[in-house]
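Subject: Structure handover

Hello,

Here is the structure I promised to pass on. Please open it alongside this message, and my notes follow below.

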Amino acid sequence: NHIFFIITEPSESPTFLEVRALNSTSILVRWSRVNENSRNGIITRYTIHYEDVAQGDERIVDVLAPATETVITGLRQKAKYSFKILAATSKGDGPYSNTTEEETKGNTFQDRKSVV
């Protein structure tokens, strides 16, 4: 009596736990794993799609599983970014999550100097 596992792409997306600006050019992104019954195989990577809302500049970053957080760097200061994430198995990408937005901070070092 054999049980066959058919590996397909995940049927659900991860969920963002935290999307928080660390400074003027980087944002921390943390997410939850996909529910076990929706993984449809072993999750091999997560893909985060992020977009500079004002400029429409879109990028993606791949994070290898089992990591569930990353810091996205090289962002514009005081800029709003939208983020969405998917999980992937060896067979392909699952659906993207809902988008969430976060804004990078202004350059506090320059702000402090201008007060003088």
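I will start with one serine. Ser 38 lies in helix H1, which covers residues 36-39. Is Ser 38 buried or exposed? Ser 38 is buried, because its relative accessible area is 5% and the cut-off for buried is under 20%. Leaving out residues up to four places away in sequence, Ser 38 touches Pro 10, Ser 11 and Glu 12.

Please keep in mind that this is a predicted model.

Overall layout

The protein has 2 helices and 8 strands. Along the sequence, they follow the pattern β-β-α-β-β-β-β-β-β-α. The protein has 116 residues, and 34% of them count as buried. About 7,500 Å² is exposed, with carbon and sulfur atoms supplying 48% of that area. Take the contacts with a separation of 6 or more: 63% of them come from residues 24 or more positions apart.

The core

The largest nonpolar core holds 19 residues. Which residues have the most contacts inside it? They are Ile 27, Val 29, Trp 31, Ile 48 and Phe 83. Four strands give two or more residues each to this core: E1 (15-21), E2 (27-32), E3 (45-52) and E6 (80-89). Strand E6 gives the most, with 4 residues.

Ile 48 is a good place to look around. Neighbours within four places in sequence are left aside here. Its contacts then include Val 29, Trp 31 and Phe 83. Ile 48 is also in contact with Arg 59, Ile 60, Val 61 and Val 63. Thr 70, Ile 72, Lys 84 and Ile 85 complete the list.

Strand pairing

Strand E3 pairs with strand E4 (residues 57-64) in the antiparallel sense, over 8 bridges. In this pairing, Ile 48 stands opposite Val 61 in E4. E3 and E4 form a hairpin, with 4 residues between them. In the turn, Gly 56 has a positive phi of about 70°.

There is also an open sheet of 3 strands. Its order is E1-E2-E5, and the pairing is antiparallel. Which strands stand at the edges? E1 and E5 (69-72) do; each has a single partner strand, so one side of each is left without a neighbour in the sheet. From one strand to the next, the twist averages 20°. E2 and E5 pair over 4 bridges, in the antiparallel sense. Leu 28 stands opposite Val 71 in E5.

Salt bridges

How many salt bridges does the structure hold? It holds 8. Three of the pairs are set out here.

Arg 30 and Glu 18: their closest N and O atoms are 3.0 Å apart. Arg 30 is in strand E2 and Glu 18 in strand E1, so this pair ties together parts that are 12 residues apart in sequence. Arg 30 is partly exposed, with a relative accessible area of 30%. Glu 18 is partly exposed too, at 21%.

Asp 62 and Arg 45: these side chains meet in a salt bridge at 4.0 Å, N to O. Asp 62 belongs to strand E4 and Arg 45 to strand E3, so the pair ties together parts 17 residues apart in sequence. Asp 62 is partly exposed, with a relative accessible area of 47%. Arg 45 is partly exposed as well, at 22%.

Asp 93 and Arg 45: here the closest N and O atoms are 2.6 Å apart. Asp 93 lies in strand E7 (residues 92-93) and Arg 45 in strand E3, so the link ties together parts that are 48 residues apart in sequence. Asp 93 counts as partly exposed, at 41% relative accessibility. Arg 45 thus appears in two of these pairs, with Asp 62 and with Asp 93.

Some salt bridges share partners. They join Glu 18, Arg 20, Arg 30 and Glu 69 into one network.

Where to look

For a quick tour, begin at Ile 48, one of the residues with the most contacts inside the largest nonpolar core. Then follow strand E3 to its hairpin with strand E4. Next, turn to the open sheet, in the order E1-E2-E5. Finish at the salt bridge between Arg 30 and Glu 18.

Best wishes

Terms used
Residues are numbered from 1 along each chain as its sequence is written. This is a predicted model: local features need pLDDT of at least 70, side-chain atom pairs count only at pLDDT 80 or more; totals for chains, interfaces and linings use all residues. Side-chain values use heavy atoms; hydrogens and water are left out. A nonpolar core is a set of buried Ala, Val, Leu, Ile, Met, Phe, Trp, Tyr and Cys residues joined through side-chain atoms within 4.5 Å. Buried means under 20% relative accessible area, exposed over 50%, partly exposed in between (1.4 Å probe, protein chains only). Contact means heavy atoms within 4.5 Å. Two strands pair if DSSP finds at least two bridges between them. Axes are lines fitted to C-alpha atoms, for helices over the stretch in contact, and angles run from 0 to 180 degrees between N-to-C directions. Accessible areas come from the Shrake-Rupley method with a 1.4 Å probe; for residues, only the protein chains shown count as cover.
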